[in-house]
Every structure is written in C-alpha cells, then in structure tokens.
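Trainee: I should like to take a close look at a single part of this model. Could you please take one helix and explain how it sits within the rest of the chain?

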Amino acid sequence: MRPDGTTGFWVYIVANRRNDAVYTGHTDNLGRRAHEHAHGLLPGFTRDHGCKTLVWAEWHETRESAFRRERAIKEWRRSWKLRLIEECNPTWRDMLADYVT
C-alpha cells in the first residue's frame, strides 16, 4: 500500500553495499518486506549476502505487472541493474523513507 492508501505492488532492489550483491523482488507491502530484509528474517540470498538496504523501488497497479517487471529485471545484465539504481540513487542510500511513510 502506498502512503496515500492506494493498493498496489512494488518491484524493489536491495543491496549489501554499492556495486556488490543486489537482489530484485516484488511485494504488496514494501515497508514490511524492507524490514524483513534489513533484519535478516527470511532465509535465502538476501540474508546470506547481507542485502539489507532498499536502493530502488517502483510501484505497479497490478501484481501481474509487478511480477513481469521483476522477472524482466532479474534477466538483465548486472550492469543494467546497477545503472537503474545509479540513475535514481547515485549514493546507494536507503530509500525506504522515500517510498513509505
């Protein structure tokens, strides 16, 4: 859910540090999911590689749209993913507060 109450879905990227491990996912609750990644609450790639910082996110109106975008990004070359992050977040800061209040 967006801060304005709009229901939708998020595609997001979390990272452990600049230009290192990145993970792309999608969720209907960005705040909850970012918290889970930040605290290593879910087993898997993000916990194993310390991907705790939300560095990029994009809102979609439908789950199908978010799922398609997530799958497309996961197929991208690494350099394309890094460019996507750098375009909106050149310092790789945690952007959760920009998306969720």
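Mentor: The account below begins with the whole chain, turns to one helix and its partner, and then visits a few single residues.

The model is a predicted one. The chain contains five helices and three strands, and their order along the sequence is β-β-α-α-β-α-α-α. The radius of gyration is 13 Å, close to the 13 Å that the globule rule gives for 101 residues, so the chain is as compact as a globular protein of that length. The C-alpha trace spans about 35 × 25 × 25 Å along its principal axes. Of the 101 residues, 38% are buried; a residue counts as buried when its relative accessible area is under 20% and as exposed when that area is over 50%. The accessible surface of the chain is about 5900 Å², and carbon and sulfur atoms account for 49% of that surface. Contacts also link distant parts of the sequence: among those between residues at least 6 apart, 65% join residues at least 24 apart.

Helix 3 is the part chosen for the close look. Helix 3 runs over residues 63-75, which makes 13 residues. From its first C-alpha to its last, helix 3 reaches 18 Å, close to the 18 Å expected at 1.5 Å a residue. Which residues of helix 3 are buried? They are Ala-66, Glu-70 and Ile-73. These residues lie on the same side of helix 3, because they cover an arc of only 70 degrees around the axis. Glu-64 and Glu-75, by contrast, are exposed on the other side of helix 3. A glutamate is therefore found in both settings here, with Glu-70 buried and Glu-64 exposed at over 50% relative accessible area.

What do the buried residues of helix 3 pack against? Their partners are strand 1 (9-15), strand 2 (22-27), strand 3 (53-60) and helix 4 (78-88).

Helix 4 deserves a view of its own. Its buried residues are Lys-81, Leu-82, Leu-84 and Ile-85. Their arc around the axis is only 155 degrees, which places them on the same side of helix 4. The buried residues of helix 4 pack against helix 3, and also against strand 1, strand 2 and strand 3. The packing of helix 3 and helix 4 can thus be read from either side: helix 4 is listed among the partners of the buried residues of helix 3, and helix 3 among the partners of the buried residues of helix 4.

Several single residues outside helix 3 complete the picture. In the loop between strand 1 and strand 2 lies Asn-19. The phi of Asn-19 is near 60 degrees, a positive value in a residue other than glycine. Asn-19 has a relative accessible area of 43%, so this residue is partly exposed. Trp-92, in the loop between helix 4 and helix 5 (96-99), also has a positive phi of about 60 degrees, although Trp-92 is not a glycine. Trp-92 counts as buried because its relative accessibility is 7%.

Glu-36 belongs to helix 1. Its relative accessibility is 15%, so Glu-36 counts as buried. Leaving aside residues up to four places away in sequence, Glu-36 touches Leu-41 and Leu-42. Gly-40 lies in the loop between helix 1 (30-38) and helix 2 (45-49). At 17% relative accessibility, Gly-40 counts as buried. Gly-40 and Gly-50 are ten residues apart in sequence, and their C-alpha atoms are 7.7 Å apart in space.

The cysteines remain to be considered. How many disulfides does a search of the whole structure find? The search finds zero. For Cys-51, the nearest cysteine sulfur is that of Cys-88, 16 Å away. A disulfide requires two cysteine sulfur atoms within 2.5 Å, so a pair at such a separation does not qualify. Cys-51 counts as buried because its relative accessibility is 0%, whereas Cys-88, at 36%, counts as partly exposed.

To return to the request, helix 3 has Ala-66, Glu-70 and Ile-73 buried, Glu-64 and Glu-75 exposed on the other side, and its buried residues packed against three named strands, strand 1, strand 2 and strand 3, together with helix 4.

Key: Residues are numbered from 1 along each chain as its sequence is written. This is a predicted model: local features need pLDDT of at least 70, side-chain atom pairs count only at pLDDT 80 or more; totals for chains, interfaces and linings use all residues. Side-chain values use heavy atoms; hydrogens and water are left out. Helices (H or I, at least four residues) and strands (E, at least two) are DSSP runs, numbered from the N terminus. The expected span of a helix is 1.5 Å times one less than its number of residues. Buried means under 20% relative accessible area, exposed over 50%, partly exposed in between (1.4 Å probe, protein chains only). The arc is that of the directions from the helix axis to the C-beta atoms. Contact means heavy atoms within 4.5 Å. The radius of gyration is taken over C-alpha atoms; the globule rule is 2.2 Å times the number of residues to the power 0.38. Accessible areas come from the Shrake-Rupley method with a 1.4 Å probe; for residues, only the protein chains shown count as cover.
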